[in-house]
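Biologist: I am new to this structure and would like a close look at a single part. Please take me through the pockets and what lines them.

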Amino acid sequence: HPILALKGVTKNYTSKTGTVTEVLGGIDLEVAEGEFIAILGFSGAGKSTLINVIAGLIEPDDGQILLRGKPILGTGKDRGVVFQSYSLLPWLTVAENVAMAVDAVHQHLSASDRAALARQKVELVGLGHAMDRKPAQLSGGMRQRVAVARALAMEPEILLLDEPLSALDALTRAKLQDEIERIRKEEGRTIVLVTNDVDEALLLADRVAVLTPAPATRIGRVWPVAMPR
Ligand code: ADP
Ligand code: ADP
């Protein structure tokens with residue numbers, strides 16, 4: 001049983017004047033438990049739309065998204081998302097930003113256990129020294145790490161990464177790629193990454209798929225990647 005399955009997922013955007021933009025034209029995809037799949041596509045191919053549909057933030061026009069065989073219902077803590085630009089709350093510290101996500105999904109835990117879990121996720125992304133800083137006092141790479149910690153704090157079944165490194169400079173991006181590899185080894189989570197960076201896809205993923213642009217959108221030529229590590 002795949003942990004995630006998309007069956008014939010279709011999404012078009014219709015403007016106020018009635019112009020239809022076809023974006024996802026019947027996407028079929030299966031992701032195995034623990035797998036890291038990268039979906040490559042040019043700008044405008046529909047990558048963000050695909051991630052948002054899996055996240056439950058956008059309702060598809062047609063098709064099904066199944067998590068462990070059950071249709072998803074909107075957003076859920078089973079899917080943690082990291083977007084291209086970090087959406088941290090500027091008035092909260094790093095620890096507090098992550099704690100908000102913990103509090104939202106772990107109400108059964110005591111306050112001290114929740115705080116400890118938030119700190120553990122901040123340490124996991126290498127920001128133990130920056131717990132009490134506000135987002136404005138962080139570099140871009142650090143902010144994006146907080147976004148990863150926040151997504152992981154929900155203990156999601158699947159981590160969805162929407163070009164999380166594309167706004168970063170090359171050196172910071174390379175560092176964060178290493179970090180994602182390390183986090184993946186430690187946490188062993190299923191990851192779906194969408195990116196337009198071929199090197200990034202090959203470096204990080206077990207399997208790379210190509211999202212072809214509309215109108216003939218589909219996930220094409222899915223092949224396994226065997227790279228020396
Ligand atoms: P990518 O992430 O691969 O760049 P997107 O999913 O953001 O692709 O966009 C795919 C296509 O859908 C683009 O042509 C984009 O202009 C269009 N699009 C995205 N979001 C909307 C929207 N809310 N309304 C109308 N068109 C949109
Ligand atoms: P990263 O790879 O995490 O983005 P950088 O190479 O940008 O890190 O920064 C290296 C170190 O410099 C960070 O660990 C951080 O302590 C510090 N730093 C970077 N930018 C800022 C900033 N705007 N304010 C405070 N400290 C910063």
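Modeller: What follows describes the largest pocket, then the second largest, and ends with one buried residue. The model is predicted, and the values below are computed from it.

The largest pocket holds about 400 Å³ of space. Its lining is made up of 19 residues, and those closest to the centre are Val-81, Phe-83, Ala-101, Arg-150 and Met-154. Three elements each give two or more residues to this lining: strand S6 (79-82), helix H2 (94-105) and helix H4 (140-153). Helix H2 gives the most, with four residues. Sorted by class, the lining of the largest pocket has 11 nonpolar residues, five polar ones and three charged ones.

The second largest pocket has about 180 Å³ of space. Its lining runs from Val-53 to Gly-74 in sequence, and includes Gly-56, Ile-58, Glu-59, Pro-60, Gly-63, Gln-64, Ile-65, Pro-71 and Ile-72. Here strand S4, residues 62-67, gives the most to the lining, with three residues. By class, six residues of this lining are nonpolar, four are polar and one is charged.

The last stop is Glu-179, which lies in helix H5, spanning residues 170-187. Glu-179 has a relative accessible area of 13%, so it counts as buried, the cut-off being under 20%. Setting aside residues up to four places away in sequence, Glu-179 touches Leu-124, Val-125, Gly-126 and Arg-145.

Technical notes: Residues are numbered from 1 along each chain as its sequence is written. Chains are lettered from A and ligands numbered from 1 in the order in which they are written. This is a predicted model: local features need pLDDT of at least 70, side-chain atom pairs count only at pLDDT 80 or more; totals for chains, interfaces and linings use all residues. Side-chain values use heavy atoms; hydrogens and water are left out. On a 1 Å grid over the protein atoms alone, a cavity is a set of points where a 1.4 Å probe fits but cannot get out, and a pocket is an open set with protein on both sides within 12 Å along at least five of seven lines; lining residues have an atom within 4 Å of a point. Grid points are joined across faces, edges and corners, and a volume is the space filled by probe spheres set on the points. Ala, Val, Leu, Ile, Met, Phe, Trp, Tyr, Cys and Pro count as nonpolar, Asp, Glu, Lys and Arg as charged, and the others, Gly among them, as polar. Buried means under 20% relative accessible area, exposed over 50%, partly exposed in between (1.4 Å probe, protein chains only). Contact means heavy atoms within 4.5 Å.
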